[in-house]
Amino acid sequence: MDIIDQGEEELVLKVKSLDDDLLRLINSMQVKDAFLWVNKDEQLHKIKLKDVYYFEAVEKKVFLYTKDEVFEIKEKLYQLEEKYKDTQYIRVSKSVILNIEKIELISPTFNGRLIVKLKNDEKISISRNYVRNLKNQLGMEE
């Protein structure tokens, strides 16, 4: 009986993992065509969400970073985190939500943090508290 229970438990875990993967895929596909209207220099700019490298909170303001531009946005980081939950956008520190599709290189540091180099050559520090989440999102083994 224990063998059957263990097998059923493994099956349930595999189905849940598959459900999570499918949900992330569906949400990522929806993000692909999504866009944000942002204000800069008293003009509205249409930014494709897939072009966003990361969001960063600095002194109670939130900024959106693309390959070579920065825009201030009105949303709070926690709102963005909830809005883009189960997509390629994940929280990597208290002040940054990162588009994992823009990662080019990952380097460990001596204190348990990671440094990611983005496709635009910027570097982002991943807080120790968020390393496991990033590795899970990237499908990396611990």
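**Entry 1: Leu44 and its surroundings**

I began with Leu44, which I located in strand S2, spanning residues 43-48. I note at the outset that the model is predicted. I then asked whether Leu44 is buried or exposed. Its relative accessibility is 61%, and a residue must be over 50% to be called exposed, so Leu44 counts as exposed. Next I looked up which residues share a nonpolar surface patch with Leu44. Phe35 and Trp37 make the patch together with Leu44, and its area is about 370 Å².

**Entry 2: Thr87**

I turned to Thr87 and found this residue in the loop between helix H2 (77-83) and strand S6 (89-93). Its relative accessibility is 3%. The limit for a buried residue is under 20%, and Thr87 therefore counts as buried. I also looked up what the side chain of Thr87 reaches. The partner is the backbone oxygen of Tyr84, at 2.5 Å.

**Entry 3: Helix H3**

I examined helix H3, which covers residues 128-138, and recorded Val131, Leu134 and Gln137 as buried. I asked why these buried residues line one face of the helix. Viewed down the axis of H3, they fall within an arc of 135°, so one face holds them. I then inspected the face turned away from the buried side of H3, where I found the exposed residues Asn129 and Arg132. Lastly, I checked what follows H3: the residue is Gly139, and its phi is positive, near 75°.

Methods:
Residues numbered from 1 in each chain as written. Predicted model: local features only at pLDDT ≥ 70, side-chain atom pairs only at ≥ 80, totals over all residues. Heavy atoms only, no water. Buried < 20%, exposed > 50% of the residue type's maximum accessible area, 1.4 Å probe, protein only. Helix = DSSP H or I, 4+ residues; strand = E, 2+ residues; numbered from the N terminus. Arc of directions from axis to C-beta. Patch = residues over 30% accessible without salt bridge, like charges linked within 9 Å, V, L, I, M, F, W, Y side chains within 5 Å. Areas by Shrake-Rupley, 256 points an atom, 1.4 Å probe, with all protein chains shown as cover. Salt bridge = Lys/Arg side-chain N within 4 Å of Asp/Glu carboxyl O. Polar contact = N/O pair within 3.5 Å; in protein donor to acceptor, adjacent residues only side chain to side chain.
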